[in-house]
Amino acid sequence: MNADDKIIIANDVVIHPDDLEENFIRSSGPGGQNVNKVATAVQLRFDAANAPGLPERVRERTIKFAGQKATKEGVIVIEAGRYRTQEQNRADARARLVALVAKAAEPPPPPRKKTRPTKGSVERRLKSKAGRSTVKKLRGRVDGD
């Protein structure tokens with residue numbers, strides 16, 4: 001994936017390369033001496049609140065789905081450092097951003113259709129309630145006439 005390419009997620013959802021900002025930072029975790037001197041992890045910043053390629057509904061859902069990865073200003077920060085090279089980490093961060101925006105771009109589920117219980121199921125429910133009622137009535141004290 002070239003850094004100058006637009007990322008097309010859906011018909012009307014596009015991430016422009018100008019909206020992305022990448023900073024390379026040092027990775028955490030194991031890696032020996034390499035970890036202390038090479039900045040291979042990437043910190044990808046995507047300004048979702050001001051991105052022109054996102055419709056309003058997708059913009060709001062993207063920020064909501066990002067959770068703590070989103071700042072108050074609507075900037076999504078993704079840190080990728082699981083690989084040992086900058087290119088792999090860059091591709092990983094972009095793939096995670098694309099997955100997040102694609103999830104937000106999914107159409108809403110269809111509305112629920114209201115259904116009524118069948119006549120037989122209503123009768124069975126009422127019959128079982130009556131049965132339980134009689135069982136509980138029989139648990140009372142017995143009169144010693």
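Helices and strands here are DSSP runs, numbered from the N terminus. With that in hand, Arg26 turns up in the loop between β3 and α1 (33–37). Keep in mind that this is a predicted model. The tour below takes in a salt-bridge network, a buried asparagine, a nonpolar core and a few loose ends.

**Salt bridges around helix α3**

- There are six salt bridges in the structure, and several of them hang together.
- Take Arg90 and Glu22: their side chains meet in a salt bridge, at 2.8 Å from N to O. Arg90 sits in helix α3 (residues 86–105) and Glu22 in strand β3 (residues 20–25), so this pair ties together parts that are 68 residues apart in sequence.
- Glu22 also has a salt bridge to Arg94, with the closest N and O atoms 3.1 Å apart. That pair links distant parts of the chain too, since Glu22 is in strand β3 and Arg94 in helix α3, 72 residues apart.
- Arg90 has a further salt bridge, to Glu87, where the closest N and O atoms are 3.0 Å apart. Arg90 and Glu87 are both in helix α3, three residues apart, or about one turn of the helix.
- Put those together and you get one network: Glu22, Glu87, Arg90 and Arg94 are joined by salt bridges that share partners.
- Is Arg94 buried or exposed? Arg94 is buried, because its relative accessible area is 7% and the cut-off for buried is under 20%.
- Glu22 comes out as partly exposed, at a relative accessible area of 23%.

**Asn89, a buried polar residue**

- Asn89 belongs to helix α3 and is buried, with a relative accessible area of 0%.
- What does the Asn89 side chain reach? One target is the backbone nitrogen of Tyr83, at 2.9 Å. Another is the backbone nitrogen of Arg82, at 3.4 Å.
- Leaving aside residues up to four places away in sequence, Asn89 touches Thr40, Ala41, Val42, Ala80, Gly81, Arg82 and Tyr83.

**The nonpolar core**

- In soluble globular proteins, nonpolar side chains tend to be buried together.
- The largest nonpolar core in this model has 22 residues. Phe46, Leu54, Ile76, Leu97 and Val101 have the most contacts inside that core.
- Which elements feed the core? β4 (41–47), α2 (56–66), β5 (75–80) and α3 each supply at least two of its residues.
- Helix α3 gives the most, with six residues.
- For a closer look at one core member, Leu54 touches Val13, Val14, Phe46, Ala48, Arg59 and Val101, again not counting residues up to four places away in sequence.

**Rings and charges**

- How many aromatic pairs does the structure hold? The count is zero.
- A charged residue does meet a ring, though: Lys103 lies over the face of Phe65, at 4.8 Å from the ring centre.

**Back to Arg26**

- Arg26, in that loop between β3 and α1, counts as exposed at 57% relative accessibility. The call follows because exposed means over 50%.
- From Arg26 to Lys127 is 69 Å in space, C-alpha to C-alpha. In sequence, Arg26 and Lys127 are 101 residues apart.

Methods: Residues are numbered from 1 along each chain as its sequence is written. This is a predicted model: local features need pLDDT of at least 70, side-chain atom pairs count only at pLDDT 80 or more; totals for chains, interfaces and linings use all residues. Side-chain values use heavy atoms; hydrogens and water are left out. A salt bridge is a side-chain nitrogen of Lys or Arg within 4 Å of a carboxyl oxygen of Asp or Glu. Helices (H or I, at least four residues) and strands (E, at least two) are DSSP runs, numbered from the N terminus. Buried means under 20% relative accessible area, exposed over 50%, partly exposed in between (1.4 Å probe, protein chains only). Rings of Phe, Tyr and Trp (its six-membered ring) pair if their centres lie within 6.5 Å; planes under 30 degrees apart count as stacked, over 60 as edge-to-face and the rest as tilted. A charge sits over a ring if NZ of Lys or CZ of Arg is within 6 Å of the ring centre and within 35 degrees of the ring normal. A polar contact is a pair of N or O atoms within 3.5 Å; within protein, one must be able to donate a hydrogen and the other to accept it, and residues adjacent in sequence count only if both atoms are side-chain atoms. Contact means heavy atoms within 4.5 Å. A nonpolar core is a set of buried Ala, Val, Leu, Ile, Met, Phe, Trp, Tyr and Cys residues joined through side-chain atoms within 4.5 Å.
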